[in-house]
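Q: Please take one strand of this model and look at it closely. Describe what lies around it, and then place it among the other contacts in the chain.

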Amino acid sequence: MIPSVDHYWLTNAQVPVSLLQVDHPEQFLGRGDRFSATLGEDLAQVDLEIQAGQITRLVPSGTAHPGDVPVVDRRRGQVWPCLVDMHTHLDKGHIWNRTPNRDRTFDGALAATQEDQKQYWQAEDVYRRMAFGLQCSYAHGTKAIRTHLDSWGEQAQISFEVFKALRQEWGDRLDLQAVSLVSLDYFRTPDGEKLADLVAEVGGGVLGGLTLMGEDLDTELDRVFALAQERNLNLDFHTDESGDPHAITLRHIAAAAIRNQFEGQVVCGHCCSLAVQDEDQVSKTLDLLKAAQIGVVSLPLCNLYLQDRNQQASKHFQQAALAAAAPLAPGWTPRWRGVTLLHELKAHGIPVTVASDNCRDPFHGFGDHDVLEVFNWSVRIAHLDAPYADWPQAVTATAADLLKLPTVGRIGVGLPADLVLFKGRSFSELLARSQQDRIVLRQGRPIDTTLPDYAELDDLIQRRADL
């Protein structure tokens with residue numbers, strides 16, 4: 001139990017070395033650790049002093065002298081900083097039971113979302129579903145969230161007003177950022193310029209859009225870069241979310257950032273097609289990304305869900321199932337899983353992160369806004385365990401840096417005691433179980449980690465009669 005006092009010690013804890021902000025991390029290694037030496041996991045052995053909501057001292061385990069100050073022995077359980085979820089879609093969240101994606105394809109997800117948006121996405125509906133997602137994120141130990149918001153036409157005003165209200169309400173608990181989501185050709189219209197103005201007016205606003213190959217792509221990119229430069233906005237793109245090796249908008253974005261001498265931060269999400277391109281093409285893109293200082297966020301859970309569905313079977317199913325409500329016929333095992341080149345990007349010096357993306361909506365029928373779950377599955381999917389090295393930064397410090405949040409996602413003296421305490425000692429223990437018994441500290445005090453009940457949304461999310 002964490003004492004209800006302003007001053008105490010957490011002792012006998014383990015922290016991934018890459019998350020520890022100290023001058024000489026080697027002093028925290030090898031002090032009676034039963035796991036790290038054998039498994040090569042680079043877990044620091046740490047005692048932390050917490051006072052008045054901050055970390056005031058970090059010393060090697062066993063060297064603290066607490067005196068009369070209360071002590072909490074973590075029994076080698078891992079301690080992480082609060083987490084960062086840098087690519088989400090809170091405005092779409094939790095509509096699956098209302099408007100599911102019947103064939104589970106990308107096109108089916110677009111159609112279902114557009115249908116749901118036209119019928120339901122007024123301010124109260126969007127507000128309550130987004131708030132539900134924030135409650136989940138906060139309870140799981142997330143500190144910072146960037147959400148993309150569908151921004152065509154009148155929906156932009158509705159969703160950004162909701163975001164503004166939530167950002168104010170949650171400002172003492174969560175760092176929130178919002179990104180516009182439209183196709184890039186939208187920014188060549190008067191409505192597109194109005195959208196850029198709206199994003200600039202909203203605190204935490206980021207200009208963004210969906211990139212598609214075409215003869216006007218470079219013109220569209222120059223336009224959006226100019227709009228961002230004029231308004232001092234950062235950029236965040238949905239990029240190459242397919243298995244098409246000819247989709248190279250990622251490279252075009254990097255070239256545009258260099259061509260426009262863009263000084264803000266650029267982030268590109270998905271980047272799936274990079275993994276099916278030949279080495280020469282990949283090398284050209286990585287060199288440009290490095291030169292443009294662009295960060296990449298991979299969304300493994302959502303891309304696994306959508307990529308390589310049997311399109312022909314899906315079309316047949318869509319026609320038959322509407323009348324018969326029959327399940328999708330078996331017979332197609334996906335070959336292509338949609339994860340970008342995480343290791344190659346990172347080895348090239350490009351900041352790489354992973355994030356939740358969609359939760360319980362037509363683009364991904366699962367998810368609970370739990371960044372540890374995202375990291376857990378990313379380790380398995382992309383082999384981030386050979387070694388683990390600094391991969392924990394992908395959901396903490398690296399993501400925080402791309403969001404321009406220098407005090408988030410790391411553990412150090414003088415930083416807020418915003419921490420997540422796990423019982424898992426080794427990474428195998430940490431990732432083998434869900435860690436739902438985690439303790440989340442905000443400014444040194446434990447928060448209520450009870451997740452909101454899905455029934456809270458029942459009056460909004462009623463299963464329709466045709467399901």
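A: The answer below starts with one strand and its neighbours, then moves on to aromatic pairs, charged pairs and cysteines.

The model is predicted, so local features are used only at pLDDT of at least 70 and side-chain atom pairs only at pLDDT 80 or more, while totals for chains, interfaces and linings use all residues. Residues are numbered from 1 along each chain as its sequence is written, and side-chain values use heavy atoms, with hydrogens and water left out.

The part chosen is strand E10, residues 235-239. Helices (H or I, at least four residues) and strands (E, at least two) are DSSP runs, numbered from the N terminus. Five of the five residues of E10 are buried; buried means under 20% relative accessible area, exposed means over 50%, and partly exposed is in between, with a 1.4 Å probe and protein chains only. In a regular strand the side chains alternate between the two faces of the sheet. In E10, Leu235, Phe237 and Thr239 are on one side and Asp236 and His238 on the other, and both faces are covered.

E10 pairs with strand E9 (residues 205-210) in the parallel sense, over four bridges; two strands pair if DSSP finds at least two bridges between them. His238 in E10 is the bridge partner of Leu210. From E9 the chain passes through helix H6 (residues 217-231) to E10, a β-α-β crossover that is right-handed. Right-handed here means that, with the strands pointing away from the viewer, the path from the first strand over the helix to the second runs clockwise. E10 also runs parallel to strand E11 (residues 266-270), with five bridges joining them. Thr239 stands opposite His270 in E11. Together with helix H7 (residues 249-259), E10 and E11 make a right-handed β-α-β unit.

Aromatic side chains also connect E10 to H6. The structure has nine aromatic pairs, where rings of Phe, Tyr and Trp (its six-membered ring) pair if their centres lie within 6.5 Å, with planes under 30 degrees apart counted as stacked, over 60 as edge-to-face and the rest as tilted. One of the pairs is Phe225 with Phe237, whose ring centres are 6.1 Å apart and whose planes meet at 35°, so the pair is tilted. Phe225 lies in H6 and Phe237 in E10, so this pair ties together parts that are 12 residues apart in sequence. Phe225 and Phe237 are both buried. Phe225 also pairs with Phe262, edge-to-face, at 5.1 Å centre to centre and 85° between the planes. Phe262 is in the loop between H7 and E11, so this pair ties together parts 37 residues apart in sequence. The relative accessible area of Phe225 is 0%, and Phe262 counts as buried at 12%. Elsewhere, Trp80, Phe375 and Phe422 form one aromatic cluster.

Charged pairs come next. Side chains of opposite charge can pair when their charged atoms come close. The structure holds 25 salt bridges, each a side-chain nitrogen of Lys or Arg within 4 Å of a carboxyl oxygen of Asp or Glu. One of them joins Asp116 and Arg98, with the closest N and O atoms 2.7 Å apart. Asp116 lies in helix H2 (residues 106-120) and Arg98 in the loop between strand E6 (83-88) and H2, so the pair ties together parts 18 residues apart in sequence. Both Asp116 and Arg98 are buried. Another salt bridge joins Asp418 and Arg442 (3.7 Å, N to O). Asp418 lies in the loop between H13 and strand E14 (419-421) and Arg442 in strand E15 (residues 439-442), so this pair ties together parts 24 residues apart in sequence. Asp418 counts as buried at 10% relative accessibility, and Arg442 counts as buried at 10%. Salt bridges with shared partners also join Glu193, Asp197, Arg223, Glu230 and Arg231 into one network.

Last come the cysteines. The structure holds zero disulfides, a disulfide being a pair of cysteine sulfur atoms within 2.5 Å. For Cys82 the closest cysteine sulfur is in Cys136, 16 Å away and therefore too far for a bond. The sulfur of Cys359 also has its closest cysteine sulfur in Cys136, at 8.0 Å, which is too far for a bond. Cys82 is buried, with a relative accessible area of 2%, and Cys359 is buried at 4%.
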